Amino acid sequence: MGMGTVTGMVTTMTEPTDMPLADPALHRLLAWLSPAFPVGAFTWSHGLEAAVEAGLVHDRDSLMDWVGWIVAQGSGRLDADCLRESHRAVAARDWAALRESAEEAAAQRATAEMALEASAQGAAFLRAITDGWPAEGIAKARAVLTDAGLDVAYPVAVGLAAACHGLPLRPVLAGYLHALGANLISAGVRLIPLGQTAGQQAQAALVPVFIQATEAALVRPWSDRGSAAPMVDWTSMAHETQYTRLFRS
């Protein structure tokens, strides 16, 4: 893997742009980001349950708007930045940069439920990777963060493991953001409720958003990290005291 210019927090790398269908790396990525992977993604709604309760999300179009904003400008934007930096840091064995990406991923959570959502899924992901998909470097990277007293947020865990397995950054980012959007759409289908066809229509319509968010993350400098989704933050806070709840966030 070639080395490129320095932009943002660590040295960027020349990334392969394709993954052949026969490449085992592609099948690792599909398995890791599938709904069947044991991170408990189906138990979290990221504030969507409270948004439905408040009438902010009530049909297919409002669900598309809500999910699209989260992916492009909400936690999806922050997660993509932290995943990118953790991937590059581990590939370069830059442990200080890895700690910084983990610190940001943990600190920039607006609510207690969102912090738990990120850390619980990150811990579950690394447990499953360590047990089922071991690779050289994962134990060292985990030890660096454990010794620093840092929780491993989900995007950092995915970036860390992908780098240790040699997975290229672009498809990992694309897969992560697609999985984030798909999980939220699935939650919306159950909560609003919507039919499965409407859910698939929403997911298909959001593909350009997923692609744009991926490409933006590849070129965005680390200094421009962050998110802007105050209504999502508000619904997450409201969810903490919501009377009836199906989801953990």
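Which residues touch the most other members of the largest nonpolar core? Select W32, L48 and F125: among the 75 residues of that core, these three hold the distinction. Keep in mind as you click around that this is a predicted model. Now colour helix α9, residues 169-191, which gives the most to the core, with 11 residues.

**Stop 1: W32 and its neighbours**

Zoom in on W32 and show its surroundings. Leaving aside residues up to four places away in sequence, W32 touches F37, F125, I129, W133, Y154, A161, A162, H165 and L167. Both W32 and F125 are buried, so hide the surface before you look.

**Stop 2: the aromatic pairs**

There are five aromatic pairs to find in this model. Start with W32 and F125: their ring centres are 5.9 Å apart and the planes stand at 85°, so this one is edge-to-face. W32 sits in helix α1 (residues 24-32) and F125 in helix α6 (residues 112-132), so the pair ties together parts that are 93 residues apart in sequence.

Next, select Y154 and Y176. This aromatic pair is tilted, with 5.4 Å from centre to centre and 50° between the planes. Y154 belongs to helix α8 (residues 154-164) and Y176 to helix α9, so here too distant parts of the chain are linked, 22 residues apart. Are these two tyrosines buried or exposed? Y154 counts as buried at 12% relative accessibility, and Y176 is buried as well, at 4%.

To see how the rings join up, select W32, F37, F125, W133, Y154 and Y176 together: they form one aromatic cluster.

**Stop 3: the largest pocket**

Stay on Y176 and switch on a pocket display. The largest pocket holds about 840 Å³ of space. Of its 42 lining residues, G175, Y176, H178, A179 and L180 are the closest to the centre. Which helix supplies the largest share of the lining? That is α9, with 13 residues. Helices α1, α4 (75-91), α6, α8, α9 and α11 (207-219) each contribute at least two residues to the lining.

**Stop 4: W69 and W222**

Now jump to W69, in helix α3 (residues 60-73). This tryptophan is partly exposed, with a relative accessible area of 47%. Not counting residues up to four places away in sequence, W69 touches G74, A228 and A229. For a sense of scale, draw a distance from its C-alpha atom to that of C164: you should get 31 Å, for residues 95 apart along the chain.

Then select W222 and R225. R225 lies over the face of the W222 ring, at 4.4 Å from the ring centre.

**Stop 5: backbone oddities**

Finish with the main chain. Most residues other than glycine have a negative phi, and most peptide bonds are trans. Where does the model depart from the trans form? Show the backbone at I192 and P193: a cis peptide bond joins them, with omega about -10°. P193 is in the loop between α9 and α10 (196-205).

For positive phi, go to H46, where the angle is near 60°. H46 lies in the loop between α1 and α2 (48-53) and counts as buried, at 5% relative accessibility. Then try R93, whose phi is also positive, near 55°. R93 is in the loop between α4 and α5 (95-107), and is partly exposed, with a relative accessible area of 41%.

Notes
Residues are numbered from 1 along each chain as its sequence is written. This is a predicted model: local features need pLDDT of at least 70, side-chain atom pairs count only at pLDDT 80 or more; totals for chains, interfaces and linings use all residues. Side-chain values use heavy atoms; hydrogens and water are left out. A nonpolar core is a set of buried Ala, Val, Leu, Ile, Met, Phe, Trp, Tyr and Cys residues joined through side-chain atoms within 4.5 Å. Buried means under 20% relative accessible area, exposed over 50%, partly exposed in between (1.4 Å probe, protein chains only). Helices (H or I, at least four residues) and strands (E, at least two) are DSSP runs, numbered from the N terminus. Contact means heavy atoms within 4.5 Å. Rings of Phe, Tyr and Trp (its six-membered ring) pair if their centres lie within 6.5 Å; planes under 30 degrees apart count as stacked, over 60 as edge-to-face and the rest as tilted. A charge sits over a ring if NZ of Lys or CZ of Arg is within 6 Å of the ring centre and within 35 degrees of the ring normal. On a 1 Å grid over the protein atoms alone, a cavity is a set of points where a 1.4 Å probe fits but cannot get out, and a pocket is an open set with protein on both sides within 12 Å along at least five of seven lines; lining residues have an atom within 4 Å of a point. Grid points are joined across faces, edges and corners, and a volume is the space filled by probe spheres set on the points.
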